[in-house]
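Biologist: Hi! Could you walk me through this structure while I have it open?
Modeller: Happy to, let's bring it up.

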Amino acid sequence: MTPRLPDAVEHWPLDRLIPYARNARTHDDDQVAQIAASIVEFGWTNPILVDSEGGIVAGHGRLLAASKLGLDTVPVVVLDHLTPAQRRAYVIADNKLALNAGWDEELLAGELHALNGEGFDLGLTGFADGELDALMAPLGDEAGDADAAGEDAADEMPSASREPVTRAGDLWLIGKHRLLCGDSTESGAIARAMNGERAALVFTSPPYGNQRDYTTGGVGDWDTLMRGVFAALPVTDAAQVLVNLGLIHRENEWQPYWHVWLGWMREQGWRRFGLYVWDQGPGLPGDWNGRLAPAFELVFHFNRKARKPNKIVPCKWAGHVNDTHGGIRHKDGHVGEWTHAGQGVQETRIPDNVVRITRHKARGIETEHPAVFPVALPEFVMRAYSNERDIIYEPFAGSGTSIIAAERTGRRMRAMEIAPEYVDVALRRWRKLFPDQPVKLDGEGQSFEAVAHQRGVAIPGDD
Ligand SMILES: C[S@@+](CC[C@H](N)C(=O)[O-])C[C@H]1O[C@@H](n2cnc3c(N)ncnc32)[C@H](O)[C@@H]1O
């Protein structure tokens with residue numbers, strides 16, 4: 001059957017168009033501004049669809065953008081052949097069918113890189129900075145060694161999740177590790193996760209101060225969240241606490257959103273012991289609103305008692321024996337001896353306070369969680385500031401990167417994550433990497449598969 005083809009595009013004044021009162025698709029101010037910018041850049045490419053009365057079937061956002069741009073008329077296609085039910089259904093279908101399409105991420109990244117090379121404003125593609133950042137992470141050979149360093153199978157992720165298997169309050173026993181789906185400001189939840197033990201190290205990345213929506217409705221008040229979590233840290237007296245935070249910009253300035261929290265930490269007896277830079281590798285291409293491309297985040301190190309970091313960095317001159325000369329030349333011209341004369345250069349040394357670990361490429365996991373560590377980062381911190389079999393506490397587990405790092409370094413993780421979706425991501429990641437190590441629900445000890453079956457939820461990749 002030949003589908004009906006539109007006869008003509010007409011030009012109607014804006015006030016002839018009537019928005020559909022029951023339109024379920026929403027357009028916030030930012031999105032309308034994006035559509036308006038796109039109309040300015042590309043011209044009007046997509047007519048508004050109306051019924052013969054002027055009722056809008058598709059194109060509510062375009063009408064708002066036209067009004068924002070002060071246009072007198074807009075192009076419309078009149079669909080006078082639809083029944084009321086068809087019209088009502090097409091208001092939804094027009095939006096939903098477009099959403100169902102996918103992306104070939106390699107091709108997309110290639111196109112974005114090419115456009116960026118031509119100096120095109122990538123914001124006009126509709127992708128947000130963060131999305132561009134993930135999509136355009138270094139391609140192929142361009143990033144050289146740094147890119148190779150970012151290649152880690154543990155950073156890969158199985159397919160996207162639907163309804164989570166996990167429910168709030170589930171405590172998963174994962175090999176030697178424990179992961180509770182709960183709120184790390186709640187003492188009862190912490191006690192369940194810790195099972196009477198205390199951690200020697202905390203390494204975590206809280207939601208940054210921009211109140212991201214992590215499917216849980218967002219973080220209402222950052223200081224309150226941080227106080228809630230850090231007042232109740234289940235740690236030993238000698239524990240080291242390292243907290244990763246990134247820059248955020250608002251109203252054209254970077255925001256010292258950690259300021260009040262840092263003061264509060266000191267009042268609680270946590271010294272501002274160290275401040276480190278996580279060098280994430282080559283800055284990502286893109287338009288960063290006039291700033292240099294972001295390539296670092298911070299790690300705040302607190303403690304009550306200092307602990308010597310482990311020497312985990314191999315020394316270039318390991319084994320080389322210092323000769324007896326070459327010390328400081330004194331006023332009389334004679335050269336003193338090295339303090340370590342006759343001793344071989346040590347095998348390993350303590351790390352620098354610039355932690356050079358490349359952010360991994362977007363290979364799936366970022367599509368499931370917006371702020372994932374490369375596994376190498378928590379591994380590095382655990383190796384530097386804890387010993388094998390130590391208990392590590394992670395109050396913001398996200399996709400479970402720290403659990404993988406704990407396994408790989410022989411530490412025991414006690415982790416909390418409030419969003420069941422991310423707990424599932426963590427469990428699916430674990431099952432993929434360590435298929436022989438059981439994942440069991442605390443209580444009756446059912447496996448992840450058994451719980452999924454019992455709850456009637458399919459595990460992506462398993463169905
Ligand atoms: C920046 S992400 C951590 C990402 C993690 N480092 C990773 O590699 O996947 C912060 C996480 O904290 C979780 N979260 C926020 N508030 C929480 C709370 N009160 N208790 C437990 N988790 C919370 C969020 O759901 C989010 O997954």
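Biologist: How are α8 and α9 oriented to each other?
Modeller: α8 and α9 are roughly parallel to each other, a label used for angles under 35 degrees (over 145 is roughly antiparallel, 65 to 115 roughly perpendicular and the rest oblique). This is a predicted model, where local features need pLDDT of at least 70, side-chain atom pairs count only at pLDDT 80 or more, and totals for chains, interfaces and linings use all residues. Residues are numbered from 1 along each chain as its sequence is written.

Biologist: At what angle do helix α8 and helix α9 pack, and how far apart are their axes?
Modeller: Helix α8 (residues 222–231) and helix α9 (residues 259–267) pack at an angle of about 25°, and their axes are 10 Å apart. Axes are lines fitted to C-alpha atoms, for helices over the stretch in contact, with angles from 0 to 180 degrees between N-to-C directions. Helices are DSSP runs of H or I with at least four residues, strands are E runs of at least two, and both are numbered from the N terminus.

Biologist: Which residues make the contact between α8 and α9?
Modeller: From α8 they are Asp223, Met226, Arg227 and Phe230, and from α9 they are Val260, Trp261, Trp264 and Met265. Contact here is C-beta atoms, placed from the backbone, within 7 Å.

Biologist: New topic: how many helices and strands are in the chain?
Modeller: The chain has 14 helices and 18 strands. Of its 463 residues, 33% are buried, which is to say that 20 or more other C-beta atoms lie within 10 Å of the residue's own (12 or fewer is exposed, in between is partly exposed, and C-beta atoms are placed from the backbone).

Biologist: And α11, is it largely enclosed or not?
Modeller: α11 is largely enclosed by the rest of the structure, because ten of its ten residues are buried. Those buried residues include Glu379 and Arg383, along with Leu377 and Phe380.

Biologist: What covers the buried residues of α11?
Modeller: The cover includes β7 (199–204), β8 (235–245), β11 (271–279), β15 (354–356), β16 and α12 (401–409).

Biologist: Which residues touch the most other members in the largest nonpolar core?
Modeller: In that core of 65 residues, they are Leu179, Ala199, Leu201, Val202, Ile392, Ile403 and Ala426. The largest share of this core, seven residues, comes from α11. A nonpolar core is a set of buried Ala, Val, Leu, Ile, Met, Phe, Trp, Tyr and Cys residues joined through C-beta atoms within 7 Å. A second, separate core has 13 residues, including Ile35, Ile48, Leu49 and Val76.

Biologist: Back to the strands: how do β8 and β12 pair?
Modeller: β8 and strand β12 (residues 296–303) pair in the antiparallel sense over six bridges. Pairing requires DSSP to find at least two bridges between two strands. β11 and β12 also pair in the antiparallel sense, over eight bridges.

Biologist: What is the bridge partner of Asn244 in β12?
Modeller: Val299 is the bridge partner of Asn244, and Val299 is likewise the partner of Tyr276.

Biologist: Last one: what is the phi of Glu251?
Modeller: Glu251 is not a glycine, yet its phi is positive, about 50°. Glu251 is in the loop between β9 (249–250) and β10 (253–254), and is exposed, with 5 other C-beta atoms within 10 Å.

Biologist: And where does Arg389 lie?
Modeller: Arg389 is in the loop between α11 (376–385) and β16 (391–394). Its phi is near 70°, again a positive value in a residue other than glycine. Arg389 is exposed, with 10 other C-beta atoms within 10 Å.

Methods: Two residues are in contact if their C-beta atoms, placed from the backbone, lie within 7 Å.
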